[in-house]
Number of protein chains: 2
Amino acid sequence: MTLDYRHQPAVTLAEVAQAAGVGESTVSRVLRNHGSFSRKTRDRVMEAVERLGYVPNRIAGTLASAGSRLVAFVIPSLSNIVFPDVLRGASAVLEANQHQAVFSVTDYDPEREEALVAAMLAWRPTAVMLAGFEHTQGTLKMLRASGCRVAELLDLDGTALDLAVGFSNRAAGRASAEFLLRRGYRRIGYVGHDLDRDTRAAKRHDGFCEALGAAGAALAGREIHAGPSSVEGGRLGLERLLARYPDLDAVYFSNDDMALGGYFHCLARGIPVPSALALFGHNGLDIGRVTPQPLSTIRTPRVATGQVAAELVVADAPPQAVDLGFELIEGATA
Amino acid sequence: MTLDYRHQPAVTLAEVAQAAGVGESTVSRVLRNHGSFSRKTRDRVMEAVERLGYVPNRIAGTLASAGSRLVAFVIPSLSNIVFPDVLRGASAVLEANQHQAVFSVTDYDPEREEALVAAMLAWRPTAVMLAGFEHTQGTLKMLRASGCRVAELLDLDGTALDLAVGFSNRAAGRASAEFLLRRGYRRIGYVGHDLDRDTRAAKRHDGFCEALGAAGAALAGREIHAGPSSVEGGRLGLERLLARYPDLDAVYFSNDDMALGGYFHCLARGIPVPSALALFGHNGLDIGRVTPQPLSTIRTPRVATGQVAAELVVADAPPQAVDLGFELIEGATA
DNA sequence: ACAAAAAATGGTAGCGCTGCCAAAAAAACC
DNA sequence: GGTTTTTTTGGCAGCGCTACCATTTTTTGT
């Protein structure tokens, strides 16, 4: 029995050249539509390409010409919709520009990030896209030495290596606090997830506290749910927080997933929102606009971050930081 | 002003060999830990690697050895959490086996899929992973000729090219209908999204209708929301469906996103669930377990699909179809 | 101590393509 | 008609690495 599911040798450019009765470089020129060739030659080559079912080998092409047109994404998670959103924005731009997206998932672990960046660099990508600015020394050193473009996304509070695209999480945290204060809330709690791993959530938290402090206030209580953010974590987190601090009048969540969980908790327990308890999230997920009461939150430019980063990379733009800002959505839960 | 953000020449294996005072092949053997070499040589090589900051060039390595260890995902969408889930499962396995994930997004367009598959094949991937069995003739031809492994995911109703991993959407649709019938619902409606594009949702719909028919029943009404599935689409869809068919006692949604929208509509309008209207979804998203009433739905093996497909590919397993099944979650909305 | 076996190492021919250069063919000019 | 230009074309040297083979060094056996 033949193992016919295994690899078969592929057609090469030399075979196409032979079949078309022209030189290899001519085939190469025709296929890349680069340099000059006659109409007649073009047809002959294309006919052979069709007939043989030739698929160019980009591995070889890249090696010969340098410039892989590969863009590497090293992202913390795929569960948190934020990162698929970034990938979505970027992938549209990259595909339109004949670039190819490659990715790995770090699980918010800087050591893992370092290992994955090393693996990525082996592909000699055009650019490496990372989340935020917090990386190990090893990661930074490799990236600097690599000579490839680096884009750090979804953060602006820190020092960029090369390109940075996103918004200030600290400012978002501040804006959230100022909004709640403006609305008259004073006994404000926080429900978050693992802040050591998610440094951007930590920056929002810090900005939030900073703005509270500036107004002479402070967090009245805090509950950290172990593990990554999730709707369930938000629900449990709020339940625990309220058990300890029953008289809160508002809660700031580390993101919309968590906030939705909190909202569901209120719905289930019959806690009137926002009259008895106001809720405020972060991210501006679509789902938050369709809940019985739209979620009060901050909409972040996730897809745009991917798009802009990809555009800068394909255009080989000079190093820069692009602030895409954020938008406060008043909603109805605060 | 120097454009120092541009590419700088990278260290090559030959330079490392020179610096370590050994031959190129020795360096190659040490780095891949393949073949034999003395402890002393190993240390000398590693020292040089460290000192020069050498990063192997996998483009060259792949060309020389064949076998790119690249796995290509051509997926319909990144907005629908289903696909990030599959990627997540697969990426963990691939990373553990020194493989690299590459992806492109088709937007549910078969023509685009064909173009993207062609682009992917140029990278000579170890395998190409696709959603479902519905592909253009061109896509099928290319994949067959490519000699690389092909895995068709999240569907089992059709003829596989090579590997297939997932569950039967038709059976899931049937199981959903049987459950609702068992619960005594008879005036059942359907709210879905673009079924021409999402052929797996279409198969669930067909299975659902089939089971209704087998019980002498039929869909009492149907509302199709234009565009991809979304929570908002579900909410609007249910609203429109109820406007036309006010006396339904249950609604089947094309997936959980849509069902959540429907649930929010009921919450907002004060429609008692499930006493006045039962709701049933598909996918078993985490969020559906945390809503005030857990969503009645079918949990699909999304992460496992990615995992198993990746495992089969790295193990170079023979062609086969793997049924990962699905699990009906009774929930509280039906 | 000498032969035989095993381990360690280096040289080099490609992998399939692109870039450069020179040669050939076609077009344009006086 | 005989150049001078311009357009097409083919040849071939790498890109950086791995696979294979030959050679050298070390270990083992008697």
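Select Tyr54(A) together with DNA strand C in this predicted model, and look for the N or O atom of the Tyr54(A) side chain that lies 2.3 Å from a phosphate oxygen of the strand; such a pair is a polar contact, defined as two N or O atoms within 3.5 Å, where within protein one must be able to donate a hydrogen and the other to accept it, and residues adjacent in sequence count only if both atoms are side-chain atoms. Residues are numbered from 1 along each chain as its sequence is written, while chains are lettered from A and ligands numbered from 1 in the order in which they are written. Because the model is predicted, local features need pLDDT of at least 70 and side-chain atom pairs count only at pLDDT 80 or more, whereas totals for chains, interfaces and linings use all residues, and side-chain values use heavy atoms, with hydrogens and water left out.

**DNA strand C**

Staying with DNA strand C, add Thr26(B), where an N or O atom of the side chain is 2.5 Å from a phosphate oxygen, and then Ala64(B), where a backbone N or O atom lies 3.2 Å from a base oxygen. If you now widen the selection to every residue near the strand (one with a heavy atom within 4 Å of it), you will have 25 residues, and the closest are Leu13(A), Ser28(A), Tyr54(A), Thr26(B) and Thr41(B). Of the atoms of DNA strand C that come within 4 Å of the protein, 65% belong to sugar and phosphate. Colouring by class gives nine nonpolar, 13 polar and three charged residues, where Ala, Val, Leu, Ile, Met, Phe, Trp, Tyr, Cys and Pro count as nonpolar, Asp, Glu, Lys and Arg as charged, and the others, Gly among them, as polar. Helices α2 and α4 of chain A and α2 and α4 of chain B each supply at least two residues of this surface; helices (H or I, at least four residues) and strands (E, at least two) are DSSP runs, numbered from the N terminus.

**DNA strand D**

Select DNA strand D next, which is surrounded by 25 residues, the closest being Thr26(A), Arg29(A), Thr41(A), Leu13(B) and Tyr54(B). Here sugar and phosphate make up 64% of the strand atoms within 4 Å of the protein. Three phosphate contacts are worth displaying:

- Tyr54(B), with a side-chain N or O atom 2.2 Å from a phosphate oxygen of DNA strand D;
- Ser28(B), with a polar side-chain atom 2.5 Å from a phosphate oxygen of the strand;
- Gly23(A), with a polar backbone atom 2.6 Å from a phosphate oxygen of the strand.

To see where the surface comes from, show α2 (24–32) and α4 (58–65) in chain A and in chain B, since each of these helices supplies at least two of its residues.

**The two chains**

Superpose chain A on chain B, by least squares on the C-alpha atoms of residues with pLDDT of at least 70 in both, and the fit has an RMSD of 0.1 Å after a turn of 180 degrees and a shift of 0.1 Å along the axis. The two copies are therefore related as by a two-fold rotation axis. To place that axis on chain A, select Val102(A), whose C-alpha is the nearest to it, at 2.1 Å.

**Strand β3 of chain A**

Move to residues 127–131 of chain A, strand β3, where five of the five residues are buried, meaning under 20% relative accessible area (exposed is over 50% and partly exposed in between, with a 1.4 Å probe and protein chains only). Ala127(A), Met129(A) and Ala131(A) point one way, while Val128(A) and Leu130(A) point the other way. In a regular strand the side chains alternate between the two faces of the sheet.

Show strand β1 (residues 70–75), which runs parallel to β3(A) and is joined to it by four bridges, with Phe73(A) partnered by Met129(A); strands pair if DSSP finds at least two bridges between them. Strand β4 (residues 149–153) is also parallel to β3(A), over five bridges, and there Ala127(A) is partnered by Arg149(A). From β3(A) the chain passes through helix α7 (residues 137–146) to β4(A) in a right-handed β-α-β crossover, that is, clockwise from the first strand over the helix to the second with the strands pointing away from the viewer.

**Loops to finish on**

Select Leu154(A), in the loop between β4 and β5 (163–166), which has a positive phi near 70 degrees and is buried at 5% relative accessibility. By contrast, Gly67(A), in the loop between α4 and β1, is exposed at 52%. Last, in the loop between α11 (256–269) and β9 (278–280), find Pro274(A), where the peptide bond from Val273(A) is cis, with omega near 0 degrees.
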